[in-house]
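This report introduces a structure to a reader who has not seen it before. Please look over the sequence and the model before reading on.

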There are 2 protein chains.
Amino acid sequence: MLKNIRIVLVNTSHPGNIGSAARAMKTMGLTTLYLVAPKLFPHPKAVEMATGAADILEKAIIVSDLKEAISDCGLVVGTSARSRTIPWPMLSPRQCAEKVLPEAAASQVAILFGREQSGLTNDELHCCHFHLQIPCDSSYTSLNVAAAVQVIAYELHMASLLEQTKEEWDYPCATAGEMQGFYEHLERVLIAIDFLNPNVPRQLMTRLKRLFNRARPDAMEMNILRGILAAIDKKTILGKL
Amino acid sequence: MLKNIRIVLVNTSHPGNIGSAARAMKTMGLTTLYLVAPKLFPHPKAVEMATGAADILEKAIIVSDLKEAISDCGLVVGTSARSRTIPWPMLSPRQCAEKVLPEAAASQVAILFGREQSGLTNDELHCCHFHLQIPCDSSYTSLNVAAAVQVIAYELHMASLLEQTKEEWDYPCATAGEMQGFYEHLERVLIAIDFLNPNVPRQLMTRLKRLFNRARPDAMEMNILRGILAAIDKKTILGKL
């Protein structure tokens with residue numbers, strides 16, 4: 001899936017940063033680099049900083065306008081250091097990776113990084129479905145552009161490793177409908193065993209929903225939970241006979 | 001807690017990397033830098049690459065031997081690109097952050113980064129309690145040293161943000177002892193309601209433990225779960241009368 005994710009560097013001033021970004025990408029398995037109107041490229045400093053990732057630079061696609069870099073993309077995410085006047089859907093690097101990876105299975109995804117001094121313009125940010133902010137210490141937020149690429153590429157790589165683990169999980173996640181059915185059954189049982197007073201429910205169901213939503217039961221675990229509730233039902237009815 | 005975590009760069013060749021590492025640290029709230037026998041330092045290239053993080057360089061402590069950099073540390077973690085002949089406890093960046101942050105509340109922690117070409121020596125790695133490996137794409141694992149600092153500093157910063165969120169959680173995590181007591185109670189109840197056959201237990205308790213361990217119940221949630229089991233106990237005994 002990483003092969004459908006492109007890194008787009010917009011109007012980069014220093015060729016060394018382009019080289020460092022290419023190296024950052026390659027260490028994390030990303031290979032497609034778009035350069036929108038780079039100030040100095042190709043440039044020996046870029047090759048020097050890329051070290052073993054010079055192939056990423058050779059294959060880099062240079063365009064004059066951002067639109068050319070993203071026109072075939074189904075999802076566009078733009079890095080942004082500050083919050084905007086009009087709030088935009090905002091992702092952390094980890095959320096971005098979780099969002100981007102499944103989408104990249106079906107369509108092309110672009111992640112945009114702006115100028116060293118001023119980032120992306122408002123017009124460029126308005127081309128994005130999501131904005132992406134790397135959490136920084138409030139006293140100093142000036143992340144180098146290649147360092148930002150490194151962090152995002154790292155999160156994408158981590159998410160892809162996690163994705164591989166998920167595929168090895170034995171059962172799929174329970175659906176939202178199954179979770180809903182479980183909560184309704186659980187509530188009936190808790191009333192039947194006199195643990196939940198329907199007239200004074202307090203925060204009981206809320207707390208239980210928060211707990212089970214955190215665990216994200218798989219389909220087999222959901223079967224077990226429903227089976228336990230059914231077994232209690234049976235006992236409770238017998239007890240009432 | 002981040003203030004008790006020091007970054008130790010061992011025998012760095014390029015002053016630019018020291019500057020970039022300082023910048024990476026400062027963006028993520030780390031401030032203490034030790035330099036063990038740097039090849040060229042102080043150096044204008046370091047200041048240039050540090051940009052707004054020159055204060056980290058000015059405060060950097062230069063020592064001639066690794067031991068001087070770590071002698072007062074309660075926990076020492078060393079980055080390592082490859083697995084060693086004698087296996088050592090190994091952490092991912094995320095595990096490292098989870099491990100380091102609570103320890104840093106009580107003692108000094110050092111995270112070591114080796115030479116650009118050859119990393120840390122075996123002797124240096126043997127000074128470490130844990131080794132730390134940043135997962136890289138198998139085709140190219142040559143992470144720049146400042147990029148490695150950026151990834152680790154980012155994970156530490158993320159963990160410190162998460163730590164702040166945890167403090168806002170209403171109850172502390174259930175202890176391992178409480179979890180154990182819950183599983184024993186759950187097993188007795190499942191037998192009593194004829195859901196678990198103790199002669200043919202299959203994977204039932206294993207699956208339930210995996211589920212509840214994933215959710216990591218807090219103390220209040222644990223009270224609720226035990227309360228539900230006690231209510232079922234009551235009904236089951238009444239049913240048997």
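## A buried arginine

B:Arg115 has a relative accessibility of 18% and therefore counts as buried, since the cut-off for buried is under 20%. The model is a predicted one. Along the chain, B:Arg115 sits in the loop that runs between strand 6 (108-113) and helix 6 (122-125) of chain B.

What does the side chain of B:Arg115 make a polar contact with? One partner is the side chain of B:Asn11, at 3.0 Å. Another is the side chain of B:Glu124, at 2.8 Å. Leaving aside residues up to four places away in sequence, B:Arg115 touches B:Val10, B:Asn11, B:Leu120, B:Thr121 and B:Glu124. B:Asn11 and B:Glu124 thus appear both among the residues touched and as polar partners of the arginine side chain.

## Strands 1, 2 and 3 of chain B

Strand 2 of chain B covers residues 32-36. Four of its five residues are buried, so strand 2 of chain B is largely enclosed by the rest of the structure.

Strand 2 of chain B pairs with strand 1 (residues 5-10) of chain B in the parallel sense, over five bridges. Within this pairing, B:Tyr34 in strand 2 of chain B is the bridge partner of B:Val8. Between the two strands, the chain passes through helix 1 (residues 15-27) of chain B, and the resulting β-α-β crossover is right-handed.

Strand 2 of chain B also pairs with strand 3 (residues 61-63) of chain B. This pairing is likewise parallel and has three bridges. Here B:Ile62 in strand 3 of chain B is the bridge partner of B:Leu35. In general, the side chains of a regular strand alternate between the two faces of the sheet.

## Domains of chain A

How is chain A divided? Its parts are domain 1 (2-168) and domain 2 (176-240). The C-alpha centres of domain 1 of chain A and domain 2 of chain A are 45 Å apart.

## How the two chains are related

Two copies of a chain are related by a rotation about an axis and a shift along it. For chain A and chain B, a turn of 180 degrees with a shift of 0.0 Å along the axis lays chain A on chain B with an RMSD of 0.4 Å. This is the relation of a two-fold axis.

Through which surface do the copies meet? Of the interface residues of chain A, 100% are also interface residues in chain B, so the copies meet through the same surface.

Conventions:
Residues numbered from 1 in each chain as written. Chains lettered and ligands numbered in written order. Predicted model: local features only at pLDDT ≥ 70, side-chain atom pairs only at ≥ 80, totals over all residues. Heavy atoms only, no water. Domains from an automatic or database assignment. Least-squares fit on C-alpha atoms with pLDDT ≥ 70 in both. Contact = heavy atoms within 4.5 Å. Buried < 20%, exposed > 50% of the residue type's maximum accessible area, 1.4 Å probe, protein only. Pairing = 2+ DSSP bridges. Right-handed = clockwise from strand over helix to strand, strands pointing away. Polar contact = N/O pair within 3.5 Å; in protein donor to acceptor, adjacent residues only side chain to side chain.
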